[in-house]
Amino acid sequence: MMFGRRDVLRMATAAGLGSALPGGGLAAATDAGIEELRARVTPFRLLPDDYPMTEIWGYGPTAPGPEIRVRQGERVARRFVNDLPQGSSIHWHGIRIANGMDGVSGLTQEPVAPGMRFDYDFEAPDAGTYWYHAHNRSWEQVARGLHGALIVEEATPPDVDREEVMVLGDWLLNPETGQIDDSFDHPMMMSHGGRIGNYITVNGRSDLTLPARRHERLRLRLINASNARIFPLTLPGLAGWVVALDGMPLDAPEPIGDVLVLGPAQRADLIVDVVADAGGQAGLAQVEEDGDYFLAAFDVAGTAAQTRRGTPAPLPPNPNTGLPDLSAATPLRLVMAGGAMGRMQSAVLNGTRMGFRELIAEGRFWALNDMAAMTDTPLAELGLGEPVRLEIVNETVFPHAMHLHGMHFREVTADGALGPLRDTLLVGGQETREIAFTADNPGDWLFHCHMLSHAASGMTTWLRVT
Ligand code: C2O
Ligand code: CU
């Protein structure tokens, strides 16, 4: 099989593309002791050298932003300084966090206004692969570049030769100017599969190439930071196991199947051995209709060992990850409706029932349990420690990546068994799935689609745990 690079967008190698930058330094300098994470508008070398720079919004000069890395149980402390032209806040996706640090504008805090700052300080109780991203107007702000990796290391890391964090990005760029397409609220994106880009990057590059040796053992931490793209992935020249999903270790490493599907916001930790011959190529590839395309490549040179190593040990389990008590669980139900080609006739927006056309005029294309916007009352009020099972009925024809803040859940499979811990579940069009969890983290927690333009146009609800 042939693996090629996806063609770079056809773009005018235009001259004269200036980027207007607002002056930095609006906010006060950092006090001693807390590291700053400053969001700003910045030119970034996103496209290859013969193209113009792209003006992004970044946590620093690049997208993804700086990798944040701590040991399990340590605290993450960052002073968020907002030099953006919009209010913003930072969500620490997948961290079982104290509610006040969850960073959800309009629910757990007010957006941090331009020129202002907010100190985040929380414990990272679970080892694993997490990420951080803007959580105000996230369908715009994440797409502009406000995302980065958050890595929590195990006390005893697994036995690998090295690790690579791979943040998958999906950019919608104007092919004339090389700039980010600003049609964030376009009805087509809201009502269909979400904002799908035309330029895919790994760690901000379309041509990421890394060295490797035959039989070298790598840990790959994959993070899908795209707004809406579902990645079907293959790993040519590599062979190995999935060892964690959405940060949480699997009970036992699972051999990687033919295709590894990573929905928006999902993560997978892999332990892989380089099986390509020295002189060959291995990598991470995306399955497309006309073939598999490398998203990131390993140039294999030399040999690390004569033979492959054996199956790796499972990663150590994270604390307090016992199974929810299904027999005592409170049943909840969430019906997802709307979108193009859906059957939604009407839904309630701000207390008023509206027909689908009226909803569209208000920028609402979806509803959760008949509500086309987040309501003042939660989907459910749960007691601390209450076990819950939540049926998710997708009446739409589109897949949705449903993300619960503050707690991980397990899927209840058809045979009644419990799947691995996750924080984001990809629910296919017209599918019904069920999840279960113990409501063991007090606070107000969002539950929303991580196709971010869906979340903005009706697919957001929340739970209260007290
Ligand atoms: Cu990563 Cu509310 O999301
Ligand atoms: Cu969705």
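**Group meeting: a predicted model with a copper site**

Pro255 is exposed, as its relative accessible area is 58%; exposed means over 50%, buried under 20% and partly exposed in between, taken with a 1.4 Å probe on protein chains only. This is a predicted model, in which local features need pLDDT of at least 70 and side-chain atom pairs count only at pLDDT 80 or more, while totals for chains, interfaces and linings use all residues. Residues are numbered from 1 along each chain as its sequence is written, chains are lettered from A and ligands numbered from 1 in the order in which they are written, and side-chain values use heavy atoms, with hydrogens and water left out.

Let me stay with Pro255 for a moment. Pro255 belongs to strand E16 (residues 248-255); helices (H or I, at least four residues) and strands (E, at least two) are DSSP runs numbered from the N terminus. Apart from residues up to four places away in sequence, Pro255 touches Gly240 and Trp241, where contact means heavy atoms within 4.5 Å. Between the C-alpha atoms of Pro255 and Leu173 there are 36 Å, and the two residues are 82 apart along the chain.

I turn now to the metal. Which residues are the protein donors of the copper ion, ligand 2? They are His400 through ND1, Cys449 through SG and His454 through ND1, at 2.0 to 2.1 Å from the ion. Donors here are N, O and S atoms within 2.8 Å of the metal (3.2 Å for Na, K and Ca); water is not among the atoms, so sites may look incomplete. Along the chain, the donors of this copper ion follow the spacing H-x48-C-x4-H. The two histidines link distant parts of the chain, with His400 in strand E27 (residues 400-404) and His454 in helix H4 (residues 452-456), 54 residues apart. Both His400 and His454 are buried.

UniProt, in an unreviewed entry, places the feature "domain: Plastocyanin-like" at residues 46-155, 165-274 and 363-465. UniProt positions are given in the numbering used here, feature names are shortened, and annotations may be inferred rather than shown by experiment. Residues 46-155 are 4% helix and 39% strand, and their end C-alpha atoms lie 35 Å apart. For residues 363-465, the figures are 5% helix, 52% strand and 30 Å between the end C-alpha atoms.

Next, the interior. The largest nonpolar core has 76 residues, and those with the most contacts inside it are Tyr59, Trp92, Leu150, Leu382 and Phe437. Such a core is a set of buried Ala, Val, Leu, Ile, Met, Phe, Trp, Tyr and Cys residues joined through side-chain atoms within 4.5 Å. Strand E2 (residues 35-44) supplies the largest share of this core, 4 residues. A second, separate core of 30 residues includes Leu168, Leu250, Ala268 and Phe298.

How many aromatic pairs does a search of the whole structure find? There are 7. Rings of Phe, Tyr and Trp (its six-membered ring) pair if their centres lie within 6.5 Å; planes under 30 degrees apart count as stacked, over 60 as edge-to-face and the rest as tilted. Tyr59 and Tyr132 have ring centres 5.3 Å apart and planes at 50°, so this pair is tilted. Tyr59 in strand E3 (residues 54-59) and Tyr132 in strand E8 (residues 128-134) are 73 residues apart, and both are buried. A further tilted pair joins Phe118 and Tyr120, with 4.6 Å centre to centre and 55° between the planes. Phe118 counts as partly exposed because its relative accessibility is 23%, whereas Tyr120 is buried at 0%. These four residues belong to one aromatic cluster along with Phe80, Trp92 and Phe122.

Finally, the backbone. Most residues other than glycine have a negative phi, and most peptide bonds are trans. The peptide bond from Ala63 to Pro64, however, is cis, with omega near 0°. Pro64 sits in the loop between E3 and strand E4 (68-71). Asn203 has a positive phi, near 55°; its place is the loop between strand E11 (199-202) and strand E12 (208-214). Asn203 is partly exposed, at 27% relative accessible area. Met341 has a positive phi of about 65° and lies in the loop between strand E21 (330-338) and strand E22 (346-349). With 62% relative accessibility, Met341 counts as exposed.
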